[in-house]
Amino acid sequence: QVHLVESGGGLVQSGGSLRLSCTASVPIVSFNTVGWYRQAPGKQRESVATIPHTGIENYADSVKGRFTISRDNAKNTVYLQMNSLKPEDTAVYYCKADSPTLQFAYWGPGTQVTVSS
């Protein structure tokens, strides 16, 4: 059984910071790619940041320079450090992990991030 659980969401003011965590029930080194996605009301779910197992991090243009994705393999956890938050960052944030062959994708239940002003 593969389970992903996000935490760290909440309500912050513009310019503030949050760090999201996604903990997996299996070693994250077993995944091809791990990453963060978000979905705002009335919008399509979009990729925010990803880390391919053998590549560098990738970021959406809207968050580049403000967000940082990282991982702690020993803790089976992926992080998303979010700085200089803007109201347009308000969304439900989901973590995602892809199987080594890309045949399966696992999603967490999501965590709400709300940025005021």
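How many nonpolar, polar and charged residues are there in the lining of the largest cavity? Let me start there, and then walk you through a few other spots. One reminder before we go on: this is a predicted model.

So, the cavity. By class, its lining has 9 nonpolar residues, 1 polar and 1 charged. The space inside comes to about 40 Å³, and the count of cavities of 30 Å³ or more is 1. If you want to find the spot on your screen, look for Leu4, Cys22, Ala24, Ile28, Phe31, Val34, Gly35, Val78, Cys95, Lys96 and Ala97, which line this cavity. Which strands each supply at least two residues of that lining? They are β3, β4 and β9, and β9 gives the largest share, with 3 residues.

You may have spotted two cysteines among those lining residues, Cys22 and Cys95. They bring me to my second topic. Cys22 and Cys95 form a disulfide, with 2.0 Å between their sulfur atoms. The link of Cys22 and Cys95 is right-handed, at 55° about the S-S bond. Where do the two partners sit? Cys22 is in strand β3, residues 18-24, while Cys95 is in strand β9, residues 91-98. The two are 73 residues apart, and the pair links distant parts of the chain. As for their surroundings, Cys22 and Cys95 are both buried. The disulfide count for the model is 1.

Let's stay with a buried residue for a moment and go to Thr33. Thr33 belongs to strand β4, which covers residues 33-39. Why does Thr33 count as buried? Because its relative accessibility is 14%, and the cut-off for buried is under 20%. The side chain of Thr33 makes a polar contact, at 2.9 Å, with the side chain of Asn32. Leaving aside residues up to four places away in sequence, Thr33 touches Thr50, Ile51, Pro52, His53, Lys96, Ala97 and Asp98. Two of those names, Lys96 and Ala97, also came up in the cavity lining.

Now for another threonine, Thr54. Is Thr54 buried or exposed? Thr54 is exposed, because its relative accessible area is 78%, and exposed means over 50%. You will find Thr54 in the loop between β5, residues 46-52, and β6, residues 58-59. Here is a distance to try on your own display: from Thr54 to Asp72, C-alpha to C-alpha, is 15 Å in space, and the two are 18 residues apart in sequence.

To finish, I'd like to show you two backbone angles. Leu102 has a phi near 65°, a positive value in a residue other than glycine. Leu102 sits in the loop between β9 and β10, the latter being residues 105-107. With a relative accessibility of 54%, Leu102 counts as exposed.

What is the phi of Ser117? Ser117 is not a glycine either, and its phi is positive, at about 65°. Look for Ser117 in the segment after β11, which spans residues 111-116. Ser117 is exposed as well, with a relative accessible area of 85%.

That's my tour, everyone. Thanks for listening!

How values were computed: Residues numbered from 1 in each chain as written. Predicted model: local features only at pLDDT ≥ 70, side-chain atom pairs only at ≥ 80, totals over all residues. Heavy atoms only, no water. Disulfide = S-S within 2.5 Å. Helix = DSSP H or I, 4+ residues; strand = E, 2+ residues; numbered from the N terminus. Buried < 20%, exposed > 50% of the residue type's maximum accessible area, 1.4 Å probe, protein only. Polar contact = N/O pair within 3.5 Å; in protein donor to acceptor, adjacent residues only side chain to side chain. Contact = heavy atoms within 4.5 Å. 1 Å grid on protein atoms, 1.4 Å probe; cavity = no way out; pocket = protein on both sides within 12 Å on 5 of 7 lines; lining within 4 Å. Points joined across faces, edges and corners; volume = space filled by probe spheres on them. Nonpolar A, V, L, I, M, F, W, Y, C, P; charged D, E, K, R; others polar.
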